[in-house]
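Q: Please take a close look at one part of this structure, and explain it in connected prose for a reader who has not met it before.

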Amino acid sequence: MSTTAREELLWRFARTGDPEIDARQDRILEVLLSANPKMKQRLVDEGRLEGRLDEARAALRRVLAHRQLDLTPEDAARIEACADLATLERWFGQALTAPSASQALR
């Protein structure tokens, strides 16, 4: 899809604040997704992964806070930017025994 076409679609389907127009846009989107089950499943899968990543980040922060291991701004940014579930799970395991937050995030 061209950049121009994408921008036009985003502009035309931007939320208006008008409940009637927004509801009509929602119905159009529902029809389009029902016509393309693979795309719908892809979006569902992406949403699930993002939810799992959010939960993993939160669990890691809770363990570090519980152990009173202070995060530097750089460490906090690394956790927030990490989009790999296996890495977050590894850091979580390391956070259980690491002497510092930086050591946990190796």
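A: Phe13 is partly exposed, with a relative accessible area of 38%; in this scale, buried means under 20%, exposed over 50%, and partly exposed in between, for a 1.4 Å probe with protein chains only. The model is predicted, so that local features need pLDDT of at least 70 and side-chain atom pairs pLDDT 80 or more, while totals for chains, interfaces and linings use all residues. Residues are numbered from 1 along each chain as its sequence is written, and side-chain values use heavy atoms, without hydrogens or water.

Phe13 belongs to the loop that joins helix H1 (3-12) to helix H2 (19-35); helices are DSSP runs of H or I with at least four residues, numbered from the N terminus. Along the chain, 15 residues separate Phe13 from Ile28, and their C-alpha atoms are 9.7 Å apart. Both residues also belong to a nonpolar surface patch, together with Met1, Leu9 and Leu32, and the accessible area of these five residues is about 520 Å² together. A patch of this kind joins nonpolar side chains (Val, Leu, Ile, Met, Phe, Trp, Tyr) within 5 Å, whereas like charges are joined within 9 Å, and its residues have over 30% relative accessible area and no salt bridge. The areas come from the Shrake-Rupley method with a 1.4 Å probe, and for residues only the protein chains shown count as cover.

Phe13 also helps to line the largest pocket, as do Met1, Leu9, Ile28 and Leu32; the rest of the lining consists of Arg6, Leu10, Arg15, Gln25, Asp26 and Leu29. The volume of this pocket is about 300 Å³, taken as the space filled by probe spheres set on grid points joined across faces, edges and corners. A pocket is an open set of points on a 1 Å grid over the protein atoms alone, where a 1.4 Å probe fits and protein lies on both sides within 12 Å along at least five of seven lines; lining residues have an atom within 4 Å of a point. H1 and H2 each supply at least two residues of the lining, and H2 gives the largest share, five residues. Sorted by class, the lining holds seven nonpolar residues, one polar and three charged, where Ala, Val, Leu, Ile, Met, Phe, Trp, Tyr, Cys and Pro count as nonpolar, Asp, Glu, Lys and Arg as charged, and the others, Gly among them, as polar.

Two of the lining residues, Arg15 and Asp26, meet through their side chains in a salt bridge of 2.5 Å, N to O; the term requires a side-chain nitrogen of Lys or Arg within 4 Å of a carboxyl oxygen of Asp or Glu. Because Arg15 lies in the loop between H1 and H2 while Asp26 lies in helix H2, the pair ties together parts that are 11 residues apart in sequence. Arg15 forms a further salt bridge with Asp22, whose closest N and O atoms are 3.9 Å apart. In this way Arg15, Asp22 and Asp26 are linked in a network of salt bridges. The three partners fall into separate accessibility classes: Arg15 is exposed at 52%, Asp26 is partly exposed at 31%, and Asp22 is buried at 14%. For context, a search of the whole structure finds nine salt bridges, including one between Arg57 and Glu50 at 3.7 Å, N to O.
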